[in-house]
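Here are a few notes from my pass through this one. Have the structure open while you read.

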Amino acid sequence: MDLQLAGRGRPILIALSAVSAIALFAIAVSALGVRSAAAEYVTTFPPAQTQQPEPEASVDAGIAFVPDGGAQLWDGPDRDAYFTIHEGVVLPYMHRQGDWLLVTTMCNETSWVNAADVETQEQANNPAPGPGFDLSEAMIVLDPGHGDRDWGGVGPGGLSEKAVNLDIAERVRELMSVSQSVDWDTGAITPGDEVPAFGSVILTRDRNGPNEGDFELGLGYRSTVANAAGADAFVSIHNNTVPRFNTDIPGSEVYYAIGAEGSDRLAGLIYQELLLSFSSFHADWTGGELLGARARIDPDTGDDYYGILRRATMPSVIVEGVYISEPEEEALLATPEFRQAYADAVYRGIVRFLSSDDNGAGVNDPELFPLDAGTVSGNGCDLPAQPSE
Ligand SMILES: [Zn+2]
């Protein structure tokens with residue numbers, strides 16, 4: 001756990017929500033079949049139509065993948081390019097104007113890219129999870145917690161959350177990239193044809209990006225990636241610090257979004273699978289006052305305490321696998337076997353969430369959680385520049 005998950009600087013939040021409001025308004029009016037000049041970047045007007053067209057959800061939103069060589073950021077359509085952003089990053093966009101995409105950068109700022117300079121994937125619009133859901137169409141966003149100077153929790157041996165979380169998320173993506181067979185009793189996953197390869201899996205940061213994936217991401221950006229992608233599930237990967245007690249079982253916690261339907265079911269399933277995966281490992285486990293699936297409510301607003309859950313619009317969770325601050329659990333997290341077991345559990349939990357109506361285990365009611373006095377400094381955020389040749 002960490003303070004990084006709480007809100008960031010207020011000006012950024014206000015700027016982001018103002019842009020979101022404009023984008024949402026643009027989406028709302030286009031859904032009504034009406035264009036309005038109130039959205040300042042709508043400059044063309046379609047001919048009047050006697051019949052209202054079916055609203056085309058999501059055509060204006062999606063993900064831009066920055067290819068080798070980077071991509072230029074512009075301060076407006078056909079205006080000035082001011083920065084070349086690093087290859088291998090993803091830029092969510094929530095609005096499109098002709099060839100121009102209004103993107104959110106990892107520093108939570110908006111900018112423009114030309115669609116010809118990036119690879120785009122339009123927002124998915126899948127049916128709700130449940131029996132019969134087509135996994136080969138699934139869109140998943142995985143979020144390795146922390147990055148760069150935000151190390152997250154660090155163990156007594158020096159192992160950092162930011163590195164472990166990235167490795168686990170990449171293992172989950174690897175599992176989803178091909179078809180698998182699963183022994184649901186033991187949790188064993190082997191190549192097979194029982195579970196198809198997932199349609200699309202996006203990581204908010206990965207080794208194709210700057211500094212081999214060790215770079216800074218804002219909280220608003222992380223949820224915006226999931227929202228723009230139209231993810232069927234959004235899973236942020238973390239490990240915990242500062243336990244309260246010694247426990248008989250791993251002190252895993254999975255935080256669910258109270259405002260996004262299905263999040264508690266997703267959390268319960270991932271929690272159940274984590275316990276299965278970790279049952280073959282041994283440590284002097286530690287935990288907090290509650291184990292299992294949890295939700296924290298900001299008593300001042302009644303919203304989710306955690307910013308990335310508050311902003312996400314799909315089933316969303318933050319997974320806190322084990323306590324990296326404890327020597328025995330840190331030692332496990334240092335091994336590929338334990339990281340794979342963690343990844344296996346996340347994979348199985350998501351498969352069950354999407355393709356069944358199972359409920360999982362260990363779901364606690366939401367708790368009131370007073371805001372921490374301490375927050376992340378939030379001083380600056382440097383966009384990753386494409387190195388010059
Ligand atoms: Zn964390």
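1. First, a reminder that we're looking at a predicted model. I stuck to two spots: the strands around E4 and the helix pair H4/H7.

2. Strand E4 covers residues 90-97, and 6 of its 8 residues are buried, so call it mostly covered. On one pairing, E1 (residues 62-65) runs antiparallel to E4 over 4 bridges. If you want a landmark there, Gly-62 has Tyr-93 of E4 as its bridge partner.

3. E4 also pairs with E5 (residues 100-104), again in the antiparallel sense and over 4 bridges. Look for His-95 facing Leu-102 of E5 across this pairing. The E4-E5 hairpin leaves 2 residues between the strands, and Gly-98 has a positive phi near 60° there.

4. Does the length of H7 add up, and what should its span be? With 20 residues (336-355) at 1.5 Å a residue, the expected span is 28 Å, and the end C-alpha atoms are 28 Å apart, so the two agree. H7 is also mostly covered, with 15 of its 20 residues buried.

5. H4 (residues 263-278) packs on H7 at an angle of about 145°, the axes being 8 Å apart. The crossing is right-handed. On the H4 side the contact includes Leu-266, Leu-269, Ile-270 and Glu-273, while H7 contributes Ala-341, Ala-345, Arg-348 and Gly-349, among others. Sorted by class, this contact has 11 nonpolar, 2 polar and 5 charged residues.

Conventions:
Residues are numbered from 1 along each chain as its sequence is written. This is a predicted model: local features need pLDDT of at least 70, side-chain atom pairs count only at pLDDT 80 or more; totals for chains, interfaces and linings use all residues. The expected span of a helix is 1.5 Å times one less than its number of residues. A residue is buried if 20 or more other C-beta atoms lie within 10 Å of its own, exposed if 12 or fewer, and partly exposed in between; C-beta atoms are placed from the backbone. Two strands pair if DSSP finds at least two bridges between them. Axes are lines fitted to C-alpha atoms, for helices over the stretch in contact, and angles run from 0 to 180 degrees between N-to-C directions. A crossing is left-handed if the near helix is turned anticlockwise from the far one by less than a right angle, and right-handed if clockwise. Two residues are in contact if their C-beta atoms, placed from the backbone, lie within 7 Å. Ala, Val, Leu, Ile, Met, Phe, Trp, Tyr, Cys and Pro count as nonpolar, Asp, Glu, Lys and Arg as charged, and the others, Gly among them, as polar.
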